[in-house]
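Hi,

Here is the structure I promised to pass along. Have a look at it first, and my notes are underneath.

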Amino acid sequence: MQSFGRKDTILLIVVALLVLLAPVILNPFPQASSLAQFNAGYPDLMQRFVIFGIFAIGFNILFGLTGYLSFGHAAFLGAGSYAAVWMFKLLSMNVIPAIVLAVVVGGLFAALIGYVSLRRSGIYFSILTLAFAQMSFALAYSVLTPLTNGETGLQLSLSDPRIFDPAATGSLPTTNLFGIDMRATTTIFAGPWEFQLNAGYYMSGLIMLVAFWLSIRIFRSPFGMMLRAVKSNQQRMSYTGLSTRPYTLAAFVISGMYAGLAGGLLAAMDPLAGAERMQWTASGEVVLMTILGGAGSLIGPVLGAGFIKYFENIFSKINDSVLHTWFGALPDGLETALVTLVHPFVGKGWHLTLGLLFMLVVIFLPGGLVEGGRRIRGVVGRRNRKAGDPEARAASKQPAE
Amino acid sequence: MTKATFTRRGLLRTGAATGAGLAMPTIFTGASWAQGQGFTNAPTGDTVTLGFNVPQTGPYADEGADELRAFELAVEHLNGEGDGGMLQTFSEKNLDGTGIMGKRVAFVTGDTQTKSDAARASARSMIEKDGAIMISGGSSSGVAVAVQGLCQEAGVIFMSGLTHSNDTTGKDKKANGFRHFFNAYQSGAAMGPVLESLYGTDRRAYHLTADYTWGWTTQESMQAVTEDLGWETVNNVLTPLAATDFSSYIAPVLNSGADVLFLNHYGGNMVNSLTNAVQFGLKEAQANGKQFEIVVPLYSELMARGAGRNIAGIPGSQNWDWKLENELGSRYVGTNAFTQSFGTKYGFPPSQAAHTCYVQTLLYADAVQRAGSFNPCAVAEALEDFEFDGMGNGPTLYRGADHQCFKDVVVTRGKENPENEFDLVEIIEATPTEQVTYEPDHPMFAGGALGECNPGA
């Protein structure tokens with residue numbers, strides 16, 4: 001059994017610093033430069049980074065530890081979103097009740113689906129969760145329209161009761177945390193750079209850190225060890241007289257609560273819940289995030305989430321006219337040729353680029369981005385050792401026996 | 001377990017660093033550019049950024065692509081490039097090709113994916129990252145309603161593109177949102193008399209309806225109108241927007257006792273459902289001793305192109321058609337000017353989606369010019385109860401009570417023998433404005449409130 005060690009503390013501090021400084025780190029290019037296109041430091045995207053980070057961390061507790069591949073996690077995220085928006089409509093625009101209910105609903109929903117799905121393992125489990133998620137999607141999309149507003153999505157309106165808030169007049173109220181507006185953004189100008197510090201982002205970031213810390217605790221706990229044991233050989237565990245079901249169900253519910261939390265936060269940042277949040281493509285996305293980042297590692301899923309969201313939001317906005325300004329300095333024929341060449345990979349073709357990168361990662365870095373990082377560190381470390389330590393070099397020359 | 005040790009020196013160092021960190025923001029005392037002028041994304045440099053948020057993927061992707069072409073053309077004309085298009089025929093002469101209020105127009109684009117969620121994310125990034133002062137586009141009412149809500153909260157103007165649901169300027173109307181396109185109620189009001197003259201007063205109707213706000217209100221409007229004619233409604237079946245095969249929905253129609261099928265579908269949906277209906281032989285079928293008929297309440301050239309021969313003889317309504325001025329005279333001036341410059345640039349005539357987006361961009365630019373400010377509240381005031389002409393629809397009113405445009409509605413039908421691939425629909429009539437005007441508190445539009453204009457920041 002491992003405990004929460006020094007390494008974990010360092011990792012947590014590094015992540016905390018990254019979250020704190022993200023508005024600066026993600027805006028490396030001056031606002032007026034043509035590379036500003038690649039800046040990701042605006043509130044909406046940063047919020048998405050940390051919220052989908054939470055989603056992926058939760059998914060990783062199930063998939064990374066137990067190896068149970070759920071293809072229906074988006075259903076919990078969607079349920080959490082709907083719960084949160086209903087809280088905004090009925091109770092108050094304060095985000096606390098919304099987030100709490102979102103987590104509870106995510107957990108309950110996961111308990112229900114997990115109880116049934118976990119009777120099978122492997123591919124059957126995946127198919128069951130996929131079926132449940134698609135059922136939830138269909139319900140939200142059309143059958144439960146009075147509850148979910150169908151395709152249009154659940155939105156706030158002026159006539160909502162909101163019993164704890166003063167009656168809204170004129171404009172729609174905005175989500176807040178005891179008076180701190182989630183939309184409130186302070187822009188800092190530093191020379192040609194612009195950094196946006198957003199209240200909603202920092203709240204989500206803080207919750208992400210707590211979620212991350214909790215996931216480290218779970219990874220290092222005896223419970224986490226049991227989950228790993230399920231992954232390595234569930235049959236042997238059964239034969240030793242252990243019932244694995246309570247452990248897997250607990251992991252499933254916990255990761256469902258993480259998904260509910262992410263859904264609630266999404267609604268808290270932008271009070272709208274759409275059925276497409278529950279679609280199988282959304283469930284597939286979190287699987288991609290986790291695998292891309294490195295399943296079973298602590299930080300991997302967060303990196304994967306950031307990677308995919310970056311592509312979705314930044315690459316999809318590069319259009320032909322942007323390409324023309326990039327290659328504008330080149331001769332006309334070359335410019336057109338380059339634009340035609342790049343065109344299928346940007347704009348609406350961002351899926352293609354992402355797919356190619358995903359393939360490269362899975363083929364060459366089966367452990368995801370985290371493995372990439374480890375390899376780079378390994379190479380650098382080896383070089384340092386070689387340069388600085390003649391004994392080590394001599395040792396490495398020793399023939400193997 | 002970790003043990004924290006505090007030393008005097010360490011504490012001092014940490015304290016100093018924290019203090020410096022906290023003081024940082026005050027060193028760069030940039031009052032946000034937004035706050036400087038009292039509204040979100042007030043343009044400061046010599047350019048102004050507009051955000052064009054259109055579906056580039058999903059069932060409405062064709063419409064989105066055409067909208068984007070129109071936006072590019074509008075920006076060209078505002079910046080004084082090209083032949084000026086409708087700026088020559090527009091009744092207001094405030095725009096002189098030097099951009100908007102002397103600022104050159106720049107634009108950013110995004111993909112709504114025909115999903116409310118993705119559309120809002122894309123619009124938010126335009127507002128937060130690119131500093132867009134106005135958002136336009138959209139080719140689905142679900143998306144339009146969602147993005148309109150976002151623009152209201154963020155404090156920018158939303159000039160909706162193709163959105164035909166009653167709710168956009170009905171129960172979901174917002175003070176910052178404006179719609180030039182017509183709506184489901186107006187389609188019904190225009191098509192009623194035409195349906196009566198084509199198919200009589202004793203008919204039984206079956207509705208297939210796209211399952212979202214636009215489908216619901218279109219179906220409601222068509223049912224109300226046809227029941228006024230004395231028709232009977234047999235059934236209304238809701239179909240998912242993401243559906244691509246409608247066979248299972250079409251199969252029960254023939255045995256239902258209906259003799260008219262309403263396809264309350266748009267874009268790729270309609271192309272697929274109509275193709276299925278024709279494959280099932282509905283067009284040749286007889287029911288109740290009458291010829292079976294198909295009606296598509298909202299029509300477009302793009303859909304006609306997608307559906308090909310199947311569209312022949314099927315009636316529907318449109319906001320605008322590129323042949324309007326040629327066939328119905330100079331009341332619809334502006335049509336030819338726009339078709340001309342669009343055709344020169346892209347090699348084919350524009351769709352109604354392109355037209356409404358082009359017009360919305362010019363109307364916004366003109367309103368800013370007249371208001372003398374980019375402030376959304378000033379712009380909204382300039383647009384409210386604004387009357388104009390020369391934009392291809394004849395005399396038009398932007399009603400202040402619900403931010404809906406009132407103008408003639410075009411009733412069309414698929415051509416039996418099209419001469420070329422762009423001339424697929426024929427105009428039956430242009431229904432005059434009076435016939436499609438309704439009170440702002442009409443029951444189909446009741447339940448919402450504009451609220452107050454929000455300048456944001």
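Below is what I found, going through some strands, a helix and the core.

Keep in mind that this is a predicted model.

**Around β6(B)**

I'd start with strand β6 of chain B, residues 204-210, where six of the seven residues are buried. On one hand it pairs with β7(B) (residues 232-239) in the parallel sense, over seven bridges; Ala205(B), for instance, has Thr233(B) as its bridge partner there. To get from β6(B) to β7(B) the chain goes through helix α7(B), residues 213-229, in a right-handed β-α-β crossover. β6(B) is also joined to β8(B) (residues 260-264), again parallel, by five bridges. In that pairing, Thr209(B) stands opposite Asn264(B).

**Around β4(B)**

Strand β4 of chain B (residues 157-160) is covered on both faces. Ile157(B) and Met159(B) are buried on one side, and Phe158(B) and Ser160(B) are buried on the other. As a rule, side chains in a regular strand alternate between the two faces of the sheet. Its partners are β3(B) (residues 134-137), parallel over four bridges, and β5(B) (residues 177-179), parallel over three. Phe158(B) is the bridge partner of Ile135(B), while Met159(B) is matched with Phe178(B) in β5(B). The link from β3(B) to β4(B) runs through helix α5(B), residues 141-154, and this β-α-β crossover is right-handed.

**Helix α9(B)**

How far apart are the end C-alpha atoms of α9(B)? They are 19 Å apart, which agrees with the 18 Å that its 13 residues (267-279) should span at 1.5 Å a residue. Eleven of those 13 residues are buried, so the helix is largely enclosed by the rest of the structure. The buried set includes Met270(B), Val271(B), Leu274(B) and Val278(B), along with Gly267(B) and Gly268(B). What do they pack against? The elements are α3, β6, α8, β8, β11 and α10 of chain B, so you'll meet two strands from the first section again. Just after the helix, Gly281(B) takes a positive phi of about 75°.

**The core**

The largest nonpolar core has 232 residues, and Ile54(A), Phe55(A) and Ala262(A) touch the most other members. At least three of its residues come from each of domain 1 (47-182 + 324-407) and domain 2 (185-318) of chain B. Leaving aside neighbours within four places in sequence, Ala262(A) is in contact with Ile51(A), Phe52(A), Ile54(A), Phe55(A), Leu77(A) and Gly80(A).

Cheers

Conventions
Residues are numbered from 1 along each chain as its sequence is written. Chains are lettered from A and ligands numbered from 1 in the order in which they are written. This is a predicted model: local features need pLDDT of at least 70, side-chain atom pairs count only at pLDDT 80 or more; totals for chains, interfaces and linings use all residues. A residue is buried if 20 or more other C-beta atoms lie within 10 Å of its own, exposed if 12 or fewer, and partly exposed in between; C-beta atoms are placed from the backbone. Two strands pair if DSSP finds at least two bridges between them. A crossover is right-handed if, with the strands pointing away from the viewer, the path from the first strand over the helix to the second runs clockwise. A nonpolar core is a set of buried Ala, Val, Leu, Ile, Met, Phe, Trp, Tyr and Cys residues joined through C-beta atoms within 7 Å. Domain bounds come from an automatic or database domain assignment. Two residues are in contact if their C-beta atoms, placed from the backbone, lie within 7 Å. The expected span of a helix is 1.5 Å times one less than its number of residues.
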